Amino acid sequence: MMTVAAPTTQKSEKFIVPIGPQHPALKEPGHFEFAVDGEIVTDATVRLGYVHRGIEKGTESRNWAQNLYLLERICGICSHTHAFAYVLGVEQLAEVEAPPRARAIRMVVAELERVHSHFLWLGVGAHEAGFDTLFMYSWRDRETVMDLLESLTGNRVNYSACVLGGVKFDINGEQTKGILEGLDFLEKRTHHYLNVIQQDALFLQRTRGVGVMTQQQARQLGVVGPTARASGVARDLRIDAPGQHYNDFNVNMILETDGDLAARFVVRIRDLFESYRIIREILSNMPEGDLVVKRMPRKIKAGETISRVEAPRGEAFYYIKSNGSEMPERIKVRTPTLCNMASVLTLTVGQHLADVPMILVGIDPCFSCNDRSVTVTQPSGQREHWTWEQVRRFGIEYYQRQGGQ
Amino acid sequence: MRIGMMLGDVLRALWQRPVTEKYPFERREAPTRLRGKLRWDPEKCTGCGLCGKECPSNAVEVITIDKKNKRFVMRYHMDRCTYCAQCVQNCRFDCIEMSHEDWELAAANKESFTVFYGKDEELDAFLDAVSASDLAETAVS
């Protein structure tokens, strides 16, 4: 949910460039209004909510195990993160702890997911800069980690690695070998890409000094994940709040201080090296033992809890409330894109309109993750929030008017 | 500061085979853990129904014909299935597995997405009963 008051009325003389919700340059729907003076952006607003799917409400009519798969589908890129945060929360409520081997396997999948997500983002970032060669080759290399994830978990996207109280599968010797070989190849390529983004003159023209966010701004705007770390804010949940998952293994903070787009590229690429190191460390010190706890209750004790996991884009936050039944009473999800979106509005002001797509891509936005509630703008310009019942009724009446069922 | 830093990759790629596979003309073997079409073994099933109870998309139904003599039929909705393998995880008797060979499941008609599993004689009896009741319903409406 995020609505910022429109900067202008029709009487104003500002020139406003609307972008989206359907726009060829946006891969997902979001609506932006940029007020421009010539080519310079003077004001920016965003309206989100076009891919609201009612997932949080949906969780209230499904049991604890079914919700795992529903929540996993919030995001197609960081699907494991959502499952991971959810199972951690439910396990806290049920007062069970996943066996050490299961925790290690969850972490391996989480880090492999980070690798694929950062490679994906590198490609998208390069594409927005018009550097399609980098886009194509980084996505070619990303297939290596996608294949690893597929052979490890059984699917390329929604891995379904977690179950309540453990994981579904083990990592055997052959898979360990495959992962290590894959990582060696990716590491070599990552060195090359780091050189390219740090040295390619034409690419640096699009990134160096563009969208600079100072450390103070980053703190004020409350940005998370690599976006914060590129501005020198040491914020990484793997280190700040390791909780049940990162206790056993040491993670180093990757920080850059420049705060511009180039720093956001560098911080994510350096994050990849850290992920490779973590995966290798876990695989060489894999704890022995069971994959699932002996007894996971179907009814979860009444109570409420929060759980947080460092997604590739930053902090994924889960609030879970149970009333002691087979279904949750309330689940609230906050994804990192929502935290980072405010920075786009601030950073685009004073920049060229042509740099806007790059600044937006710089936070690695994921729209469908963060769309949670519907704000309705009446023709009079008045904005109001709708309740679930109102949205439902509107949907039914809309389709009745269309002559549907 | 340099320019054309990806040029080396492009030139090298000229002498390499394309990475893209020409599916469906070239087929790569699917990994053994791939979650494809569900398979059910009626011999081991005790009819506890835990597979259906936690299925996120209600794709699995175990239909009891005769509980005493352990006669069950499974109706599996391939189109609803999200291929998460929670049913495989829940089954304590190892009678459900997901095939890594059957994964090209597209079809032009909807009927072929509903699959029945079971021993032959039970399946025949069950399907006869289902089609009879279907006919009765059509007659009423």
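**Exercise 1. How many residues of chain B are in contact with how many residues of chain A?**

Solution. The model is a predicted one. In it, 25 residues of chain A are in contact with 19 residues of chain B. Next, look at the elements on the chain B side: α1 (7–14) and α3 (86–90) of chain B each supply at least two residues of the side that touches chain A. Last, sort that side of chain B by class: 11 residues are nonpolar, 3 are polar and 5 are charged.

**Exercise 2. Describe how α6(A) and α11(A) are placed against each other.**

Solution. Step one is to locate the helices: α6 covers residues 173–199 of chain A and α11 covers residues 261–284 of chain A. Their axes come within 10 Å and cross at roughly 160 degrees. Angles over 145 degrees count as roughly antiparallel, so α6(A) is roughly antiparallel to α11(A). The crossing in which α6(A) passes α11(A) is left-handed.

Step two is to list residues. Those in α6(A) that meet α11(A) include I179(A), L183(A), L186(A) and L194(A). On the α11(A) side, among them are F265(A), I269(A), F273(A) and Y276(A). By class, this contact of α6(A) with α11(A) has 15 nonpolar, 3 polar and 2 charged residues.

**Exercise 3. In what order do the strands of the open sheet β6-β7-β8 of chain A pair, and which stand at the edges?**

Solution. The 3 strands lie in the order β6-β7-β8, with antiparallel pairing. β6 (303–311) and β8 (328–334) of chain A each have a single partner strand, so these two stand at the edges and one side of each is left without a neighbour in the sheet. From one strand to the next, the twist averages 15 degrees.

For the pair of β7 (residues 314–322) and β8 of chain A, count 6 bridges. Within this pair, I320(A) has I331(A) in β8(A) as its bridge partner. Helix α12 (residues 336–348) of chain A packs on the sheet and touches β6, β7 and β8 of chain A. The direction of α12 makes about 130 degrees with that of β7(A).

**Exercise 4. Work through the open sheet β2-β3-β5 of chain B.**

Solution. Start with the order: 3 strands, β2-β3-β5, paired antiparallel. β2 (60–66) and β5 (114–117) of chain B each have a single partner strand and stand at the edges, so each has one side without a neighbour in the sheet. Ignoring direction, neighbouring strands of this sheet are turned by 20 degrees against each other on average. Then take β3 (residues 71–77) of chain B, which is joined to β5(B) by 4 bridges. The bridge partner of Y76(B) in β5(B) is V115(B).

Technical notes. Residues numbered from 1 in each chain as written. Chains lettered and ligands numbered in written order. Predicted model: local features only at pLDDT ≥ 70, side-chain atom pairs only at ≥ 80, totals over all residues. Axes fitted to C-alpha atoms, helices over the stretch in contact; angles between N-to-C directions. Parallel < 35°, antiparallel > 145°, perpendicular 65-115°, else oblique. Left-handed = near helix turned anticlockwise from the far one by under 90°. Contact = placed C-beta atoms within 7 Å. Nonpolar A, V, L, I, M, F, W, Y, C, P; charged D, E, K, R; others polar. Pairing = 2+ DSSP bridges.
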